[in-house]
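Reader: I am new to this structure and should be grateful for a close look at a single part of it. Would you please describe the surroundings of the ligand, and then the backbone features in the loops?

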Amino acid sequence: MTWNLSGDLDTLQHHLKDVDCHHSRFLVTGGAGFLGTWLCSLLISQGAEVLCVDNLSSGLRHNISSLEKNPRFSFILHDIAEPIQFRQKIDYVLHLASRASPLEFDQFPLEIIRANTLGTMHALDIATAHGARFLYTSTSEVYGNADVFPTPESYHGNVNTLGIRGCYDESKRMGEAISLAYLREKGTDIRIARIFNTYGPLMRADGVYGRVIPRLISQALNGTPMTIFGDGSQTRSFCYVTDQVAGLLKLLYSDAAKGEVVNIGNDTELTILCLADLIRSAAGSDSELTFEPLPEDDPVRRWPDISKATRLLGWRPKVDIETGIASMIHKD
Ligand SMILES: NC(=O)c1ccc[n+]([C@@H]2O[C@H](COP(=O)([O-])OP(=O)(O)OC[C@H]3O[C@@H](n4cnc5c(N)ncnc54)[C@H](O)[C@@H]3O)[C@@H](O)[C@H]2O)c1
């Protein structure tokens with residue numbers, strides 16, 4: 001599937017008028033993945049230099065092929081769990097490298113743990129050596145099966161360390177602790193985004209990499225049964241990618257956000273059944289629903305409290321789920 005991101009990038013540039021990336025050099029780990037490609041594309045379109053480090057475990061070279069024609073963009077094939085150094089001065093480090101799809105947790109637990117612990121330390125070592133600002137992409141999964149809604153940053157979480165998701169949830173929690181340890185011991189300028197489910201063009205629908213929205217859209221468009229795990233009464237709050245990327249960059253650029261952890265997501269909660277209905281009607285599909293067992297420790301609800309992001313960053317999501325899904329379906 002080929003996406004033309006230019007319309008969405010124009011909108012993003014409009015929302016980020018106060019962010020000036022000119023003459024800055026960014027290191028983006030995981031830059032060939034879904035969110036990483038969006039960030040690299042936006043930064044390049046804003047005049048920045050970008051070093052993209054990725055081991056292509058879940059990312060695709062194809063995502064960044066047009067960026068590779070730009071002299072301000074460099075791709076470095078590297079596993080961030082191994083140390084790496086750069087001679088050129090780096091101003092900002094965005095650490096996104098980590099497999100993120102629930103089906104990957106089962107198959108690659110050690111890789112995920114290494115990327116979020118050793119990888120986070122290596123990315124922080126670079127930021128510290130260069131005096132660069134550092135953004136860690138954590139996750140709503142640090143809250144585990146939460147029982148406070150909407151969930152604020154002050155909630156400490158309810159994670160099963162022993163379950164199949166423990167490799168992701170606990171290593172992200174550790175990544176947060178590591179980031180704060182660098183701030184406290186070395187003075188590194190860190191900030192942490194707790195990202196809630198984000199979707200949009202470039203997100204994969206295939207195999208173990210597949211995420212719920214692209215997978216349901218692809219099934220609806222192909223007229224094949226749409227897979228629901230459990231009875232579909234579990235909830236999620238889905239954020240369109242342009243809103244997510246705007247939130248991440250506002251967090252990166254906010255001086256007041258040093259040392260802060262901030263939920264970035266959309267605060268409209270809906271059930272997976274409701275999501276499937278919405279996709280089916282937007283696609284004009286008559287696909288049936290097929291039900292499969294709920295994976296172990298699948299959170300019952302996900303609903304972020306985003307008042308801190310609004311207060312600290314002046315940010316709120318703008319794209320509702322109907323608009324986001326329609327734009328994915330009509331770009332197909
Ligand atoms: N998309 C979401 O809804 C969401 C939600 C919460 C958190 N996040 C976090 O945001 C980040 C990006 O997620 P995404 O959705 O773009 O996932 P993605 O799988 O599309 O991208 C991750 C990228 O990291 C790369 N990578 C993985 N391990 C690596 C390693 N050891 N060294 C170098 N590169 C490595 C992959 O090849 C891929 O390009 C992840 O850290 C993820 O945990 C995403």
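Author: The account below turns to the ligand and then to three loops. The model is a predicted one.

The shell around the ligand is made up of 29 residues. The closest of them are Gly 30, Gly 33, Ser 58, Gly 59 and Ala 97. Among the elements, α2 (34-45), β2 (49-54) and β5 each give two or more residues to this shell. The largest share comes from α2, which provides 3 residues. By character, the shell comprises 12 nonpolar, 14 polar and 3 charged residues.

The loops may now be taken in order along the chain. In the loop between β5 (133-139) and α6 (166-186) lies Pro 150. The peptide bond that joins Phe 149 to Pro 150 is cis, and its omega is near -10°. The strand β5, which precedes this loop, is also among the elements that contribute to the ligand shell.

A second loop, between β7 (198-199) and α7 (212-222), holds Leu 202. The phi of Leu 202 is positive, near 85°, although this residue is not a glycine. Leu 202 is buried, because 20 other C-beta atoms lie within 10 Å.

A third loop, between β13 (289-292) and α10 (307-313), contains Asp 297. Asp 297, likewise not a glycine, has a positive phi of about 60°. Asp 297 has 18 C-beta neighbours inside 10 Å and therefore counts as partly exposed. Thus Leu 202 is buried, whereas Asp 297 is partly exposed.

Key: Residues numbered from 1 in each chain as written. Predicted model: local features only at pLDDT ≥ 70, side-chain atom pairs only at ≥ 80, totals over all residues. Helix = DSSP H or I, 4+ residues; strand = E, 2+ residues; numbered from the N terminus. Buried ≥ 20, exposed ≤ 12 C-beta atoms within 10 Å, placed from the backbone. Near = placed C-beta within 6 Å. Nonpolar A, V, L, I, M, F, W, Y, C, P; charged D, E, K, R; others polar.
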